[in-house]
Amino acid sequence: MNRRAPRLLFYSHNGVGVGHFRRQLRLAAAFRQRRPDAAVLLVTGSRAPRGFAEPLGLDHVRLPGIRSVDRKETWEPLQPGVQIDELMRVRADLLKRTVRRFRPDLLIADFMPAGPYGELVGALEELASVGGLAVAGFRDIIDEPGFVRDLWARTGVHDVLREHYAAIFVYGVREVLDFEAEYGLTGELAARLHYLGYLGRPVTAPARPDPEAAELIACAGGGVDGGSLLACVAEAVELLPPGLFGRRMIVGGPLLSGEELRALREQGARSGVEVAGFISELDRRIADSELVVTMPGYNTTCELISSSARAVVVPRSGPSLEQRMRAAQLERWGRARRLEPLELDPGALAAAIEASMSAPRPTRPPVPLDGLDRAVNMLESLAAGEPAAASA
């Protein structure tokens, strides 16, 4: 039995955006809330950890930035003047030395069990040498199943999972996607897999004292590729009936470019839309809103289904099909109206917003939202040297 305070290291490669890091941050914060004595460290390649992590009192190690130039197989440096192989050696060395010095009981990796170009493998070997265990966490929908199986076969992901990971967490439910069948996890890997439900929040009825206070919120995750959607929203609101919303707000995200943010603020000043670069508690604002216009990434989907807000979703155009698959699922649940990126223009968006507002508000979440509690329970057991509980 491990009696000392647990040590957990959360790794997210985060080639460009903040999605993987935000998921890890929520898990880390939930574990720290359960175990205030725990030592928790986040290691990430995200460019925007400070605004998320520091308010929660969580420390982080920042890896030099990289970005994917295709569908998570080829990478390049964010900064000029350095070769990718040189940069990957730096990242791999930082990861290995962090494990050696921090000596975590658990290393929790998000989405990429080996990391880009296998950068995490040395750290996983170091983890085993100090007696720690590794957990791989995945959003429920990664990408089109045939593509993922082929990518994982070419990059050895199944072998890495088999050799280095004690448990595999899926932050979703089998009814949405059969992770084993669709992504080729068989035998001992299937036995290590646990469906935890979505990383949501308890659904509470929003306070709406005045119809004129009804709020429309538009957001696009970290904002790195959401500028065109947000610009379309800024134009579409001019086509809406004046009394439809009392407040109209666009949240650019921490990675929206300065030029795009300035253009949005200029347009917002003309059309009566408030524009913010970043809001630390965006999930709370979504919960209190009447309607959300957004890109349907995993984290935003969790926020939507944890609220009773109506939604219009516009998936990323590519190359990954993940957001298109998720948008279709939200539409099947009756939780959102979907617009394809190629159909996007202010008139179509305004019409979708009006049509959504004429529909009844959602009344209950379509899937379990207790993934955070279940994940923390399992992490606490693993950190204490106990077997992980079976998945429901």
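User: Happy to be looking at this one! How many of the residues of α9 are buried?

Analyst: Keep in mind that this is a predicted model. Helix α9 is mostly covered. Its buried residues are Gly227, Leu229, Leu230, Cys232, Val233, Ala234 and Ala236. Out of 10 residues in the helix, the number buried is 7.

User: What do the buried residues of α9 pack against?

Analyst: Good next step! The partners include strands as well as helices: β10 (215-219), β11 (247-251) and β13 (291-294) on one hand, and on the other α10 (258-271) and α14 (346-357).

User: Is alanine 236 buried or exposed, and which residues does it touch?

Analyst: Alanine 236 belongs to helix α9, which covers residues 227-236. Buried means under 20% relative accessible area, and alanine 236 has 0%, so it counts as buried. Leaving out residues up to four places away in sequence, alanine 236 touches Pro346, Leu349 and Ala350.

User: What distance separates the C-alpha atoms of alanine 236 and threonine 294?

Analyst: Along the chain, these two are 58 residues apart. In space, their C-alpha atoms are separated by 14 Å.

User: Which residues have the most contacts inside the largest nonpolar core?

Analyst: That core has 94 residues. Helix α15 (residues 371-383) gives the largest share of them, with 7 residues. Another core, of 29 residues, lies apart from it and has Leu230, Phe245, Met295 and Ile353 among its members. Back in the largest core, the residues with the most contacts are Trp152 and Phe179.

User: Which residues is phenylalanine 179 in contact with, leaving aside its neighbours within four places in sequence?

Analyst: Happy to list them! The contacts of phenylalanine 179 include the charged residues Arg139 and Asp140. The others are Phe138, Ile142, Trp152, Val170, Gly184, Leu185, Leu193 and Tyr195.

User: Where is valine 157 found, and what does it touch?

Analyst: Valine 157 is found in helix α6, residues 157-164. Its relative accessible area is 9%, so valine 157 is buried. Not counting residues up to four places away in sequence, valine 157 touches Pro113 and Trp152.

User: How far does α15 reach from its first C-alpha to its last?

Analyst: Helix α15 has 13 residues. At 1.5 Å a residue, 18 Å is expected. The reach in the model is close to that, at 18 Å.

User: Which elements do the buried residues of α15 pack against?

Analyst: The buried residues of α15 are Gly371, Leu372, Ala375, Val376, Met378, Leu379, Ser381, Leu382 and Ala383. After the helix comes glycine 385, with a positive phi near 80°. The elements that the buried residues of α15 pack against are β1 (7-12), α1, β6, β7 (133-139), β8 (167-171) and β9 (193-195).

User: How far apart are the end C-alpha atoms of α1?

Analyst: Helix α1 has 16 residues, so at 1.5 Å a residue it should span 22 Å. Its buried residues include His20, Phe21, Leu25 and Phe31. The distance between its end C-alpha atoms agrees with the expected span, at 23 Å.

User: How do the axes of α1 and α12 cross: parallel, perpendicular or oblique?

Analyst: The axes of helix α1 (residues 19-34) and helix α12 (residues 298-305) come within 9 Å and cross at roughly 55°. Angles under 35 degrees count as roughly parallel, and 65 to 115 as roughly perpendicular. The crossing fits neither range, so α1 is to α12 oblique.

User: Which residues make that contact?

Analyst: By type, the contact residues divide into 1 nonpolar, 2 polar and 3 charged. From α1 come Gly19, Arg22 and Arg23, and from α12 come Tyr298, Asn299 and Glu303.

User: Is threonine 300 buried or exposed, and what is it in contact with?

Analyst: Threonine 300 lies in helix α12. With 7% relative accessibility, threonine 300 counts as buried. Leaving aside neighbours within four places in sequence, threonine 300 is in contact with Thr294 and Met295.

User: What is the phi of lysine 72?

Analyst: Most residues other than glycine have a negative phi. Lysine 72 lies in the loop between β4 (66-68) and β5 (75-77), and is partly exposed at 31% relative accessible area. Although lysine 72 is not a glycine, its phi is positive, about 65°.

User: And what is the phi of phenylalanine 111?

Analyst: Phenylalanine 111 sits in the loop between β6 (106-110) and α4 (121-129). Its relative accessibility is 8%, so phenylalanine 111 counts as buried. Its phi is positive, near 75°.

Terms used. Residues numbered from 1 in each chain as written. Predicted model: local features only at pLDDT ≥ 70, side-chain atom pairs only at ≥ 80, totals over all residues. Heavy atoms only, no water. Axes fitted to C-alpha atoms, helices over the stretch in contact; angles between N-to-C directions. Helix = DSSP H or I, 4+ residues; strand = E, 2+ residues; numbered from the N terminus. Parallel < 35°, antiparallel > 145°, perpendicular 65-115°, else oblique. Contact = heavy atoms within 4.5 Å. Core = buried A, V, L, I, M, F, W, Y, C linked by side-chain atoms within 4.5 Å. Buried < 20%, exposed > 50% of the residue type's maximum accessible area, 1.4 Å probe, protein only. Expected span 1.5 Å × (residues − 1).
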